Each structure stands twice: as structure tokens, then as C-alpha cells.
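Please open the model in your viewer and keep the selection panel at hand. The tour moves from one selection to the next and says what is found at each stop.

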Amino acid sequence: MLRSAILAASRSSLVERLVETVPLSRDVVRRFVAGTGTDDALRVTRELAGPGLKVTLAHLGEDTSTPEQAVATKDGYLRLLKALAEADLTASAEVSLKLSALGQRFDEKLADEHGHAVCAAAAATGTTVTLDMEDHQTTDQTLDALARLRADFPATGAVLQAYLRRTEGDCRELATPGSRVRLCKGAYAEPESVAFQSAVEVDKSFVRCLNILMSGPGYPMVATHDPRLIAIAEDRAKWFRRAPGDFEFQMLYGVRPEEQLRLVQAGYQVRVYVPYGTQWYPYLMRRLAERPANLAFFVRALISKR
Ligand SMILES: Cc1cc2nc3c(=O)[nH]c(=O)nc-3n(C[C@H](O)[C@H](O)[C@H](O)COP(=O)(O)OP(=O)(O)OC[C@H]3O[C@@H](n4cnc5c(N)ncnc54)[C@H](O)[C@@H]3O)c2cc1C
């Protein structure tokens, strides 16, 4: 109930204006978002690279509705990749991209062109792109765009969401040699017709998908903070004789940082998803929806500022 309400609010421009004008927001946002500019993205990349973490950087923004916004997003990524290369950070950092930020909802061809430009810039600087997955109405479009991008840039990563009923099939399709696949639970409010609704069903689906990816010839990217699923992934990696370099764990910036370090110290590859930019509102709301305690943190900050 609470999760659905927060996710509904994430699409409300009225609530967005309200949250953005509350002075506390900056403190709450800082926990999950690196900052507003490319400099912030670089600073956090360096901080995380110190103890051996890798990052995937996301320039915030989604559901773009004009060609100008889509160009601005693409240019933001090109600036970021140039800055990463100049700072010699591309060995530690790749980028994550939402096709809706590149114009997918109103001009698929434009989004393809921008996606191609970002992938080309990433390849030229020796790094990769992963296409974030958004709500289920865009899944087919995003997987089709992925296939087109992979024709030129085979290292382009995909994201599959365990809460969708279709995902086991998608895992089989994408478990091909060299295929980089991020498996996560899924962060959007989806109807029962397409998505498992209970946590137990989502977890079971996650494990079925994990088995397919870990036993296949691709490169699994296990994106979860769930201690049970992390333990199962460690177990499956041993079972399928995957070396620590043959898969990676991924977590979000600001979520379970001590666990991120524990896994690195245990010899695993760990990549942190680091968002930055001014359009943090829908991203923040999804993080609040994932954990009611985050909402309490938000409300406490609100009260203490008054
Ligand atoms: C690297 C990465 C990339 C992602 N990309 C996508 C994507 O492209 N599309 C998409 O739909 N979703 C994406 N997600 C989000 C994902 O789908 C989940 O919504 C999110 O990871 C929470 O699920 P969980 O597996 O951590 O399990 P949960 O059951 O949600 O959480 C398990 C435990 O982790 C901790 N935790 C989880 N979330 C939070 C939080 N926000 N704040 C504080 N503690 C928390 C808590 O201790 C919680 O008990 C991504 C997640 C990661 C880590």
C-alpha cells in the first residue's frame, strides 16, 4: 500500500514541487545522490575507487518529453565520459542510461541515435554502457534497442527485473557469451497481470533467474542489497565454478555501504550505481518506496528542520 502510494507520488509534479521546495531535501538527497554536476560524479567515483569499488554513473533524468531535453541528456553523458577519460577513471567507471531520458517515449529513432552516440563515446574511452530498465510498457522497446546497440557495441549491458513474469524467458534469451546482464528485483509499481506481487514470489523468481545467468556463458551483474540473495549468489558462483572476476555484485550509492566494502574485501567485484544531477525527484521517491525506514528518515529530517 505504502509502496504504491509513494511510487504514485513519484509521478506527481505537484508532490515533486512540494518536496523540492522543502529545505531539508538536500540532506536527504545527499544520502542517495552524488551531487548535481559532473565534478560531483568524479569526486564520488574517486572516493569509491579508493577501497576498490567500481561504479556505474547515471545522469539523472527520465521521461523526457522534448528533443531539446533528450539532446541535453546525451550531451551530459558525453561530457561525463570525456571527464572520466581525462581523469583516468574509465577503468573504474561505466555509465547507466535510461532510454526514456533520450526520447524513447516520443521518438524511438532519436533515442537510438543518442544511445548510439553515448555507446560510441564510452567505447572510445574504454568503458561500457548499461541500459537501465524502466516500467514494463517499455521492456520490449528497450530490449529491441539493446539488440541494435549490441550489433555495434557488444558489451552494452541489459537490466532484467525479477518481479516481471516474463523475465525467466528473457534471462534465457540474454544468457549468451559475453552478455552483460544486471539482475534486479524491479523498482516500479506493476500490475499483477505482468508482475509477481509478493516479496516471496519475487525472491523465488530472482533465484530462478540467477541460476540461469550464473550457469550460462554471459556476465551476470547481481544487483541487490538483500542479504539472503547475496548469500545465494555467492553459493551459486561456487557451485557453477565462477571466479570472482566472472560476475559482479551491484548496489546503490548510499545503501548498505558497509556490505559493499565487505564484499570487496572478500575478493568480489562490486559496482556502485551512482546517480548525479538536478532531476533527482523520481529516483529519490523509488528509494523511499523500497524501504519505509527511509521515509521515517525523511520525516524526521523534516520535523527537525522546523
Ligand atoms: C545497481 C542497481 C541498479 C538498479 N537498476 C534498476 C533498473 O534499471 N530498473 C529497476 O527497475 N530497478 C533497478 N534497481 C532497483 C532494484 O530493482 C530494487 O528496487 C532495489 O535494488 C531494492 O531491491 P533489493 O534487491 O535491494 O531488495 P529489498 O528487498 O528491497 O531490500 C533488501 C534490503 O536491502 C536494504 N535496502 C534496499 N533498498 C534500500 C533503500 N532504498 N534504502 C536503504 N536500504 C535499502 C534493506 O536493508 C533491505 O532490507 C537497481 C538496483 C541496483 C542495486
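Begin by selecting β1 (54-59), β2 (93-97) and α12, each of which supplies at least two residues of the lining of the largest cavity; helices (H or I, at least four residues) and strands (E, at least two) are DSSP runs, numbered from the N terminus. On a 1 Å grid over the protein atoms alone, a cavity is a set of points where a 1.4 Å probe fits but cannot get out, and lining residues have an atom within 4 Å of a point. The search of the whole structure finds 1 cavity of 30 Å³ or more, and the largest cavity holds about 70 Å³ of space, a volume being the space filled by probe spheres set on grid points that are joined across faces, edges and corners. Of its 13 lining residues, H59, L60, G61, K98 and Y273 are the closest to the centre.

This is a predicted model, in which local features need pLDDT of at least 70 and side-chain atom pairs count only at pLDDT 80 or more, while totals for chains, interfaces and linings use all residues. Residues are numbered from 1 along each chain as its sequence is written, and side-chain values use heavy atoms, with hydrogens and water left out.

Next, keep β2 alone on display: 5 of its 5 residues are buried, so the strand is largely enclosed by the rest of the structure, where buried means under 20% relative accessible area with a 1.4 Å probe, protein chains only. A93, V95 and L97 point one way from β2, whereas E94 and S96 point the other way. Bring back β1, which pairs with β2 in the parallel sense over 4 bridges, pairing requiring that DSSP finds at least two bridges between two strands. To find one of these bridges, select V55, whose partner in β2 is A93.

Then select α5 (residues 67-86), a helix of 20 residues that reaches 29 Å from its first C-alpha to its last, close to the 28 Å expected at 1.5 Å a residue, that is, 1.5 Å times one less than its number of residues. Its buried residues include A70, Y77 and L84, and the buried residues of α5 pack against α4 (38-49), β1, β2, α6 (108-124) and β8 (270-276), contact meaning heavy atoms within 4.5 Å. Just after α5, D88 takes a positive phi of about 60°.

Finally, select K185, G186, A187, R287 and E290, the closest to the centre among the 50 residues that line the largest pocket. The volume of this pocket is about 1300 Å³, a pocket being an open set of grid points with protein on both sides within 12 Å along at least five of seven lines. Helix α12 gives the largest share of the pocket lining, 6 residues.

Definitions and conventions:
Buried means under 20% relative accessible area, exposed over 50%, partly exposed in between (1.4 Å probe, protein chains only).
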